[in-house]
2 protein chains.
Amino acid sequence: LGSFDPESAFDEAVSKLVAADEASASSARARHDRLTKPAGSLGRLEDAGVRLAAIAGRCPPPVPEPAAVAVFAGDHGVLKQGVSPWPAEVTAQMVGNFLAGGAAVNVLARHVGAHVVVVDVGVASDLPEAPGLISAKIRAGTADLSTEPAMSLTEARRALDVGARVAADLVAEGARCLLTGDMGIGNTTPAAAIIAAFTGRRADQVTGRGTGIDDERLAHKTDVIESALARNASEGSDDPLSVLASLGGLEIAALAGFVVGAAASRVPVLLDGVIAMAGALAASRLAPLSVGYMVAGHRSSEPGATAALEHLGLEPLVDLQLRLGEGTGACLALPILQGAAKVLIEMATFDDAGVSADHE
Amino acid sequence: LGSFDPESAFDEAVSKLVAADEASASSARARHDRLTKPAGSLGRLEDAGVRLAAIAGRCPPPVPEPAAVAVFAGDHGVLKQGVSPWPAEVTAQMVGNFLAGGAAVNVLARHVGAHVVVVDVGVASDLPEAPGLISAKIRAGTADLSTEPAMSLTEARRALDVGARVAADLVAEGARCLLTGDMGIGNTTPAAAIIAAFTGRRADQVTGRGTGIDDERLAHKTDVIESALARNASEGSDDPLSVLASLGGLEIAALAGFVVGAAASRVPVLLDGVIAMAGALAASRLAPLSVGYMVAGHRSSEPGATAALEHLGLEPLVDLQLRLGEGTGACLALPILQGAAKVLIEMATFDDAGVSADHE
C-alpha cells in the first residue's frame, strides 16, 4: 500500500459520506418484478441486490468485485483476567499464518477471489515487516478494560484513522467490495462489552463462548464484562468515541473506521462476525449514514452478533454456526452478494425472453 | 450428451451403490481438529467437509468441481384444478429461456462455474432440438393426480432411468458435483403430495404458496392435494415406485433417478428446493444408501421442504427464503460446499504453521 499515513482519514471519510440512494433501490425493486421469475421468488437475494443498487447509486448495480479482506489484528489486556484459554502469543503466530497463506481466511478468500491484507493495529509483540502486512501499530495491546479504559481517546481516534485509510487505499487500488476481518486472542470480550453498551443489552445476553470455553469460564467472562460495563458507566460518558476507547479493542476501533471508509467510497462493506458487529455498531453511532453501506455476511454463533444484527436492522446472508472470525464468514457470503448483482444485470425480462408474464 | 439411451440406467445405478465411507468421515473430523482454528469453530462448514470426505471415500476430499446442473422439465395435469395462476405454456417458454441463458439458474450457474443442461422429461408441447437440451420426453405432461395416477409404473421407471442416465453421462463427461434443477408449472402440488406421503405429514403441513398464491387458492390447493393423497391411499400400495407414479411429476421421478445416479458415481448431489426434496425422498425409499451422497443446498420457503429436510436428516447450507426452484438455491450453495473441501485441503495445521495448539 506504499507509504501509510492514516492522518485524519476518518474525518475525511465522515465528511464524504452520503446516504445510500433510495431511488436506485426502488429501480432495483421494479426491475426484479420484470425479470423472468415469480415476483419475490428469489427472497433475500433480491433484497441484497436492492441494497447493492442503493450503495452504488445505480441500477443494475455493478458486481462487487474485486474484493479485499482487511484482517485487523490486536491484543487485549483483559486476557490476564482469564477470559480465554489461549495465550496472547497466538495473535502474532496467527498473523504469521495469515501472511503465509495457511489460515482459514486465506483459504476462503482465495476460493472466492478476494485479496487479503493484514493490519497490525495493536499486536503485543513486534512483527517483522512482510509483504501483505500493514504496520500501523498504535500500542502493543490494550489495557485491561475490566479495570481501566482500554485505550485513550487519542488512540481510539488513531485506530479509526487506520481503518478508514486502509479502506480508502484498497478502493484506490481497485477494490469494489471490502470485507472485514479480525484477529485478537480475547477479542470477543471487548466485542461483547461494546455490543452491550451500544444496544443496551446486559452482559449475560451478549457474552458467548468465543473459541469454545466451558460454563465456568463463561460465567467468569460474563462477570469481567459486567465489571467493564459498570466501570464505563461510572465514568459517565456515552459519547460513542468514549465508549469505543473505554471498552476497546484496537482492531474493533479500526474496523469501525474501515466500515466508514468503505461507505465514504460508496462500496459495500461485507461484515464478518461478532468482532465486526462491534465495529459496525460503533460506526453506526459515529457516522449513522454508514449503515446503508453495510451487508451482513453471516450470523456468528456468538449471542452478541445477533443482538448487533437486530440493532443495525441487518439480516445476514449465511448462517452456518461459524465462530472463527478472521473474515471467514464474510468470504463465504461474497459469492452470494455477487450473485445478487448478477441477477439484476444478466437475467432476462419477461419481454426479452418471450415468457408470458400474464397470469390469473 | 451424444445418443441418449436411458435403458435400465436406474437399476445399474442401484446395483453400484455403496455406503458413504465412515472411515473417511472420521479422518476428516480428526483433520479439522489439527487445523489452525479453535476446534469446531467453522461450524457447519466442517460438517460439509466431513460429508464430502465420506462421499469421496478419502480425506481430504477432492474439491467438488466441475459442477453441472440438470434442469428436469415437465408439465402437470393437475394444473387444470387451478392450483397455480400460471399457464402450462410457461414451462416450455422457460425451457427456451434456459436454453438462451437468460433465466435465474443460468445467471447463478455461470456465476459459480456450473454447466447447465435441460432435460425434457415431460413438457406438454413439442420442443425443437437445441444445444443443451436433452430430449427424453416420456409423455406430454402427467395426468391429474387428484383424480387418477399421474403416470404408470412403467413411465415412472423410465423417468428414473432418464435421471440416472443424465447423472452417469454428466459424470462421464467430467462433472464431479451434480446439482438438481427443475421446471414445471404446477409442480409444487405433486411435490407436496409426495412429501406428505413419504413423511406422513398432512396436506396442510406441507402445502405452500408456490409462485405466490393467495389464501383462497392455497386452501384450494391443499384440498386438491388431500384428494390426491386419499386417492393414493385408497389404491392401497405404499411401495415407493407406486407412490411416485401415483403422485407424480415426471421431473420429480427423474430427479429421484438423478440423485441415485450421482450417488452411484460417488459424487455429491447438491439438492435445490422443494421439488428436489420430493425427488430425494423418493430416492431415499428406492435406494436408501443414496442419502449419504445428498447435500442440501438451501431451505426453500415451501413448508414441505423443511418437512423433507428433517425426514432426510439434512441441514441446508443456505437459507435465503428462495422459492424459485430451477436449481438456483443449489447454485448459491456450491461455493460454500467447495470451500468446505478447500478448508480440509489447504489449511495449515498447528504443527505446519508453528501456531501454539496448547491452551489451558
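**Exercise 1. Helices on the sheet of chain B**

Task: In this predicted model, determine which strands of chain B helix H11 lies across, and how H11(B) runs relative to E4(B).

Solution: Begin with helix H11 of chain B, residues 250-264, which lies across E1, E2, strand E4 (177-183), E5 and E6 of chain B. The direction of H11(B) is then compared with that of E4(B), and the angle comes to about 180 degrees. For a second helix, take H5 (residues 104-112) of chain B, which lies across strand E1 (67-74) and strand E2 (114-122) of chain B and runs at about 145 degrees to E2(B).

**Exercise 2. Strand order and edges in chain B**

Task: Establish in what order the strands of the open sheet of chain B are arranged, and which strands are the edge strands.

Solution: The open sheet has six strands in the order E3-E2-E1-E4-E5-E6 (chain B), and the pairing is parallel. The edge strands are strand E3 (133-135) and strand E6 (294-296) of chain B, since each pairs on one side only. Going from strand to neighbouring strand, the turn averages 30 degrees when direction is ignored. The edge at E6(B) can be examined in detail: strand E5 (residues 269-271) of chain B runs parallel to E6(B) and is joined to E6(B) by three bridges. Within this pairing, Leu270(B) has Val295(B) as its bridge partner in E6(B).

**Exercise 3. The sheet of chain A and its helices**

Task: Describe the sheet of chain A, state how many bridges join E1(A) to E4(A), and find which strands helix H4 of chain A touches.

Solution: In chain A, six strands form an open sheet with parallel pairing and the order E3-E2-E1-E4-E5-E6. Strand E3 (133-135) and strand E6 (294-296) of chain A are the edges, each of them pairing on one side only. From one strand to the next, the twist averages 30 degrees. Strand E1 (residues 67-74) and strand E4 (residues 177-183) of chain A run parallel and are joined by seven bridges, and Ala67(A) has Cys177(A) as its bridge partner in E4(A). Helix H4 (residues 89-100) of chain A packs on this sheet, where it touches E1, strand E2 (114-122), E3 and E4 of chain A, and its direction makes about 140 degrees with that of E4(A). Helix H6(A) lies across E1, E2, E3 and E4 of chain A as well, and runs at about 160 degrees to E1(A).

**Exercise 4. The crossing of H1 and H6**

Task: Classify the crossing of H1(A) and H6(A), and list the residues that make the contact.

Solution: The axes of helix H1 (residues 9-16) and helix H6 (residues 153-172) of chain A come within 7 Å and cross at roughly 60 degrees. This crossing makes H1(A) oblique to H6(A), because the angle falls outside the range of 65 to 115 degrees that counts as roughly perpendicular and is not under 35 degrees either. From H1(A), the contact is made by Ala9(A), Phe10(A), Asp11(A), Glu12(A) and Ala13(A), and from H6(A) by Leu160(A), Asp161(A), Ala164(A) and Arg165(A). By class, these residues are five nonpolar, no polar and four charged. In chain B, the axes of H1 (residues 9-16) and H6 (residues 153-172) likewise come within 7 Å, crossing at roughly 60 degrees.

**Exercise 5. Local backbone features**

Task: Locate the cis peptide bond of chain A and the residue before H1(A) with a positive phi.

Solution: The bond from Cys59(A) to Pro60(A) is cis, with omega near -5 degrees, and Pro60(A) is found in the loop between helix H3 (43-56) and E1 of chain A. In chain B, a cis peptide bond joins Cys59(B) and Pro60(B), where omega is about -5 degrees. Ser8(A), a residue other than glycine, has a positive phi near 55 degrees and lies in the segment before H1 of chain A.

**Exercise 6. The relation of the two chains**

Task: Derive what kind of axis relates chain B to chain A, and describe the contact between the two chains.

Solution: A turn of 180 degrees, with a shift of 0.0 Å along the axis, lays chain B on chain A with an RMSD of 0.0 Å. That is the relation of a two-fold axis. The same surface serves both copies, as 100% of the contact residues of chain B recur in chain A. The contact takes 56 residues from chain B and 56 residues from chain A. About 4,600 Å² is buried between the chains, and carbon and sulfur atoms give 63% of this area. Trp86(B), His111(B) and Leu320(B) supply 14% of the area that chain B buries against chain A, more than any other three residues. Of the residues of chain B, Val318(B) comes closest to the rotation axis, with its C-alpha at 3.2 Å.

How values were computed
Residues numbered from 1 in each chain as written. Chains lettered and ligands numbered in written order. Predicted model: local features only at pLDDT ≥ 70, side-chain atom pairs only at ≥ 80, totals over all residues. Heavy atoms only, no water. Least-squares fit on C-alpha atoms with pLDDT ≥ 70 in both. Contact = heavy atoms within 4.5 Å. Axes fitted to C-alpha atoms, helices over the stretch in contact; angles between N-to-C directions. Helix = DSSP H or I, 4+ residues; strand = E, 2+ residues; numbered from the N terminus. Pairing = 2+ DSSP bridges. Buried area = accessible area lost by both parts, 1.4 Å probe. Parallel < 35°, antiparallel > 145°, perpendicular 65-115°, else oblique. Nonpolar A, V, L, I, M, F, W, Y, C, P; charged D, E, K, R; others polar.
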